[in-house]
Amino acid sequence: LESRVAATLRSVSLAKSWLPRLLQIGLATLEAEKRQAARRATKKSMPGGGKGSSKNEENKDENDLTVHKVFGSIVTPTLRRLVEHIAFCALGCANQGSKFKLGATFGKSSSDRLQMILKSPLPPTQTAKCALELADLAAAIQESNDSMYSLRPLEDDEDGAKQRAEYKSPLEGCLKMANDAVVMIERRVCIYSFDACARKCSLSASGSGTFDGESLLQCVQKLSEDLKRPEDCSSEVEKGSYLVVQKCCEGLNSYIKDRSDAARLRVVAECNDALNTTIVDVVREVSYLTNDQSDSLDTNLSALISTLETEVFDAFLDSVKRNVASCAKLGLIESTAPGGGNKQDEAMPFPPYLAASFLSIVRCRAQVERALRTATLRRPDSEKVTYQFLALRTASDGVVENICLELRSKLNLISPHKADVFAIHMQFLINTLKKYLSDEVVSLASDTRRMMLSKAGTGGRGIGKGMGNGPEGLTALENLERLGRVYVLCLTDN
């Protein structure tokens, strides 16, 4: 493989060195041909110029090997074989699905194992080195091809004028072959670069839960510096960028397996940051690189990351539902006589199940704020809402819904006095969490409260009398409202 690289370098150096020299020789020879043609024209115009026409014809036959014919019959075939040899050494074989035909230029009689090595693609490092050499070769041939128009046939007769008008450079075929080889090897460079970047980003995502969008951006920026035919590699660039993001998402998905909610929130934060920062930069760089040929890249990458973002955050919300369900437990319901005060309620005015429920909501808010911050928005543009609000809504709905369902299931065990207490608790929950509760849960809580009032037999009159008075003369309802204001401060956005 190293010999193939060395052969490529030497062959490109040979072509770059000799093509300009041959053109200089051709131009000098063409000037000599012009002077000779001028002398023949002068002799013909002189009196008696027709004499010795046979001798003039002999001279013309001797000069039939013109510069144009030399380049067409000798230089061009030799250069073509040299370009074929360079392409074979640098590429080994054509890309899959390519129409470019690439045959072996040496080693045809060697062993099958050696032929397989010769026809195999070079490793990434050697491919990148040969890509630069092939680009230099194509540039040298392009420059020589442009100069070939100075070597067009002379207009010394009608045939010469027609050939000059219909002139086609003999180096056109060599130039096309060199350009095809450059496009093919640069496509390989793109594939190798994005493959290496994908492996690196996948390890970073699965190991530390990081979406390494900077590596992808640097990869695209390096390609923009190295590629000479980027517009012909737009498909490889777009597919490679998608592959890197896909591997990142797979790595992040692997990272959260058997991990806590903090890991899920970290992944959501990484996805959201990538969508709002690095992916925007990557799409812009790819657009510059491919001359706006990747219109669907932004949509494809955003959809891929948003899908993972939504799935992981939904998994976090499911975990929140399970956690708050374990906290929103009424515990043992004790019946008390309707007359007199309840000493247990006076000693402990704020029920433990409400304290545990509110603490679980506050804990959920702190988790989301620490990982995502309040300014972080979800991607769907149809609903401009913060992650924090969605988490608080899920936690609040879970708390109220579980309390309502447990009250309904234990309705027969609840005394009228306790029903009056729970009715006040439900009103307190609605008042405190109304900002986050969904309409369905508010309706469920209101219906449950009415059921408690019906059980208490108060019909909405004299609510709160069953809870007695606190040691400082405040009613239990006022104590609940005071504690409710504390939780409102804990759940505020500021």
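## A walk through an all-helix chain

K410 is partly exposed, with 22% relative accessible area. Let us start from this one side chain and work outwards, keeping in mind that the model is predicted. The partner of K410 is E406, and their side chains form a salt bridge in which N and O lie 2.9 Å apart. E406, for its part, is buried, at a relative accessible area of 13%. The cut-off for calling a residue buried is under 20%, so the 13% of E406 falls on the buried side, while the 22% of K410 places that lysine in the partly exposed class.

Before going further, here is the overall picture. The chain has 18 helices and zero strands. Of its 494 residues, 44% count as buried. If you take the contacts with a separation of 6 or more, 81% of them join residues 24 or more positions apart. With that in mind, we can look at how particular helices meet.

A good place to begin is helix α7, which spans residues 172–208. The axes of α7 and α9 (residues 234–255) come within 7 Å and cross at roughly 15 degrees. Angles under 35 degrees count as roughly parallel, so α7 and α9 fall into that class. The crossing of α7 past α9 is right-handed. On the α7 side, the residues making the contact include R187, C190, I191 and F194, and on the α9 side they include E236, V237, G240 and S241.

Helix α7 also holds a salt bridge. K176 and D180 pair there, with their closest N and O atoms 3.1 Å apart. Why are these two side by side? They sit four residues apart in α7, so about one helical turn separates them. D180 is partly exposed at 28%, and K176 counts as exposed at 52% relative accessibility. As background, side chains of opposite charge can pair when their charged atoms come close.

A similar arrangement can be found in helix α17, residues 439–456. D447 and R450 both lie in α17, three residues apart, which is about one turn of the helix. Their salt bridge brings the closest N and O atoms to 2.2 Å. Both ends count as partly exposed: D447 has a relative accessible area of 30%, and R450 has 48%. Counted over the model, there are 12 salt bridges.

Now turn to the inside of the protein. The largest nonpolar core has 120 residues, and F194, V245, F313, F316, V400 and I403 touch the most other members. The largest share of this core, 15 residues, is supplied by α7. In general terms, nonpolar side chains in soluble globular proteins tend to be buried together.

F316 is a handy guide from here. Setting aside neighbours within four places in sequence, F316 is in contact with D261, R264, L265, C364, Q367, V368 and A391. Several of these names come back in the two helix pairs that follow.

In the first pair, helix α10 (residues 261–276) meets helix α12 (residues 297–327), with axes that come within 9 Å and cross at roughly 150 degrees. Angles over 145 degrees count as roughly antiparallel, so this is how α10 and α12 are described. The crossing of α10 past α12 is left-handed. Among the residues in contact are D261, R264 and L265 of α10, and F313 and F316 of α12.

In the second pair, helix α14 (residues 352–372) lies against helix α15 (residues 387–409), their axes coming within 9 Å and crossing at roughly 165 degrees. That angle makes α14 roughly antiparallel to α15, and the crossing is right-handed. The residues that meet include C364 and V368 in α14, together with A391 and I403 in α15. C364, V368 and A391 are also among the contacts of F316.

What about a residue outside the helices? A104 is placed in the loop between α3 (67–91) and α4 (112–118). At 22% relative accessibility, A104 counts as partly exposed. Not counting residues up to four places away in sequence, A104 touches F88 and K119. A104 and L118 are 14 residues apart in sequence, and their C-alpha atoms are 8.3 Å apart in space.

Terms used. Residues numbered from 1 in each chain as written. Predicted model: local features only at pLDDT ≥ 70, side-chain atom pairs only at ≥ 80, totals over all residues. Heavy atoms only, no water. Salt bridge = Lys/Arg side-chain N within 4 Å of Asp/Glu carboxyl O. Helix = DSSP H or I, 4+ residues; strand = E, 2+ residues; numbered from the N terminus. Buried < 20%, exposed > 50% of the residue type's maximum accessible area, 1.4 Å probe, protein only. Core = buried A, V, L, I, M, F, W, Y, C linked by side-chain atoms within 4.5 Å. Contact = heavy atoms within 4.5 Å. Axes fitted to C-alpha atoms, helices over the stretch in contact; angles between N-to-C directions. Parallel < 35°, antiparallel > 145°, perpendicular 65-115°, else oblique. Left-handed = near helix turned anticlockwise from the far one by under 90°.
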